[in-house]
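Biologist: I am new to this one. Please take me through it part by part.
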Amino acid sequence: MTDKISDASELKAIQLEGLKWTVNHAFNNSPFYRRQFEKAGVRPEDIKTLDDLARLPFTQAKHLREDYPFPLLSVPEEEVVRIHSSSGTTGKRKILSYTKKDIEDWTTFFARALRMAGLGPKDRVQIAVGYGLWTAGAGFQAACERVGAMAIPVGPGNLDLQCQFLVDLKPTCICCTSSMALLLGEEIKRRGLSDKIGVKTVIQGSERCSDSMRRAIMEHLGAEHIYDITGLTELYGPGPGIDCHLHQGIHYWADYYILEILDPETLEPVEEGEIGEMVVTTLRKEASPLIRYRTRDLTRKISGPCPCGSIYPRHDRILGRSDDMIIVRGVNIYPGQIDEILSQMEGISSEYNVILERRDAKDYMTIKVERATDGDPGLDEKVRSNIQAQIKSRIMVSANVQIVDYGSLPRSERKSKRIFDNR
Ligand code: ZN
């Protein structure tokens, strides 16, 4: 398979070829996949077009745990050259295996992502993400070297060393999580080092990051661009997608995997542009191929070509997890959607609660939103009706919005609970 793709039909041909290869490979070499296929009553020869993807069974995180320690393994062990693992919050870790070619493929498309972010031999890249079992460090390192940039493998944490290297080595790019970027930016500002560093580009992991946080990071670090890179250990690691310099969605490498956006309840495709769960099928992965793997991440496809000219299709930023979905009057709602609408409104703080109730067999949604610290209570009615109208037009449900005093909603040092389902 080639890496230079000229148009969408060529992309489709690569996808069909890769899909057929993956299905045959998994069926013939992985006892797990063979069992799954047999249960679903489907055989590799049934896959004749891309539409036949829908006939294949889903793979889930629980399967990786059941098939521990080498889940989905589809090659003889002697072909495995490395493993990576993601931290499991419950039970066993997910361990993913890589052949030599898997590592090579990952590096190739990760380098494509870095080139999309404008990186090349003249760049110095401070890699402030985790090394070791985690995929991030190893992935960034290899891709960075592939594009000919200078890798500075600092790893996560260690604020003093990060600041020292930002000043002494003047990296042009820093790779980290958005929380780390903000922390580092604030630290640089606090130490009065803003004029002494040369960061132009920030590449950050797909952790959700609000627009106001983005602005703060750019300002503190003096960066010109922040790129969102996607990543999932099961899908090699970081690098399967990134936004271009126009920042109008994330381009993803459709020649390495097929992305389906499905309703997490019905597992049927959502309408074009609607939010759903990302389900991925790899096209070239040897050691641990993925067939219709449910990532639980939510996003939507962005239709039409990007003005940047790239032929790689786009999806939106990650908008949350499907486990967080709520259903109100038959409409699927994700907290990320409410988050997104509220973060664009003026006069309110970042804190809100959603309360769901059922009366006379009908669902009711109340959204309590805090007024901004310096907000004028005289404007409450205007803000309230504005939010209500936005919710109605963008999520298609009626909500009863209430503006409450700043600081009156509960705060948490951990992840805040915002949804209260009393039905
Ligand atoms: Zn683009």
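**Helix H9 and its surroundings**

Biologist: In helix H9 (residues 335–343), which residues are buried?
Modeller: Buried stands for a relative accessible area under 20%, exposed for over 50% and partly exposed for what lies in between, with a 1.4 Å probe and protein chains only. Helices are DSSP runs of H or I with at least four residues, strands are runs of E with at least two, and both are numbered from the N terminus. In H9 the buried residues are Pro-335, Gly-336, Gln-337, Ile-338, Ile-341 and Leu-342.

Biologist: What kind of model is this, and how are residues numbered?
Modeller: The model is predicted: local features need pLDDT of at least 70 and side-chain atom pairs count only at pLDDT 80 or more, while totals for chains, interfaces and linings use all residues. Side-chain values use heavy atoms, with hydrogens and water left out, and residues are numbered along each chain as its sequence is written, from 1.

Biologist: Which elements do the buried residues of H9 pack against?
Modeller: Packing rests on contact, which is defined as heavy atoms within 4.5 Å. The partners of H9's buried residues are strand E17 (331–333), strand E18 (348–359), strand E19 (362–371), H10 and strand E21 (419–421).

Biologist: Is Tyr-334 buried or exposed?
Modeller: Tyr-334 sits in the loop between E17 and H9. Its relative accessibility is 3%, and the cut-off for buried is under 20%. Tyr-334 therefore counts as buried.

Biologist: Which residues is Tyr-334 in contact with, leaving aside its neighbours within four places in sequence?
Modeller: Asp-323 is 11 residues from Tyr-334 in sequence, and their C-alpha atoms are 9.2 Å apart. With neighbours within four places in sequence set aside, the contacts of Tyr-334 are Pro-264, Ile-275, Gly-276, Leu-298 and Met-325.

**The whole protein**

Biologist: What is the radius of gyration of the protein?
Modeller: The protein has 10 helices and 21 strands. The radius of gyration is taken over C-alpha atoms, and the globule rule is 2.2 Å times the number of residues to the power 0.38. For 423 residues that rule gives 22 Å, and the protein comes close to it, so it is as compact as a globular protein of that length. Its radius of gyration is 23 Å.

Biologist: What share of the residues is buried?
Modeller: The C-alpha trace spans about 70 × 65 × 45 Å along its principal axes. Of the 423 residues in the protein, the buried share is 52%.

Biologist: Among contacts between residues at least 6 apart in sequence, what share joins residues at least 24 apart?
Modeller: The figure covers contacts across the protein, leaving out pairs fewer than 6 apart. The share joining residues at least 24 apart is 65%.

**Cores**

Biologist: Which helix gives the largest share of the largest nonpolar core?
Modeller: A nonpolar core is a set of buried Ala, Val, Leu, Ile, Met, Phe, Trp, Tyr and Cys residues joined through side-chain atoms within 4.5 Å. The largest one has 64 residues, and those with the most contacts inside it are Leu-56, Leu-114, Phe-140, Ile-203 and Ile-242. Its largest share is 8 residues, from residues 100–116, helix H4.

Biologist: How many residues does the other core have?
Modeller: This core lies apart from the largest one. Among its members are Ile-367, Val-369, Ile-391 and Val-397, and its size is 23 residues.

Biologist: What is the relative accessible area of Ala-143?
Modeller: Ala-143 is found in helix H5 (residues 135–146). Outside its neighbours within four places in sequence, Ala-143 is in contact with Thr-107, Phe-110, Ala-111 and Leu-114. Ala-143 is buried, with a relative accessible area of 0%.

Biologist: Which residues does Ala-111 touch, not counting residues up to four places away in sequence?
Modeller: Ala-111 lies in helix H4 and counts as buried at 1% relative accessibility. Arg-146 is 35 residues away from it in sequence, with 6.2 Å between the C-alpha atoms. Ala-111 touches Ala-143, Arg-146 and Val-147.

**Backbone details**

Biologist: Where does Pro-69 lie?
Modeller: The peptide bond from Tyr-68 to Pro-69 is cis, with omega near 5°. Pro-69 lies in the loop between helix H3 (61–66) and strand E1 (80–86).

Biologist: What is the phi of Arg-296?
Modeller: Arg-296 lies in strand E12 (residues 293–299). It is partly exposed, with a relative accessible area of 22%. Although Arg-296 is not a glycine, its phi is positive, at about 70°.

Biologist: What is the relative accessible area of Met-396?
Modeller: Met-396 is a residue other than glycine with a positive phi, near 70°. Met-396 lies in the loop between helix H10 (380–395) and strand E20 (400–404). Met-396 is exposed, and its relative accessible area is 56%.
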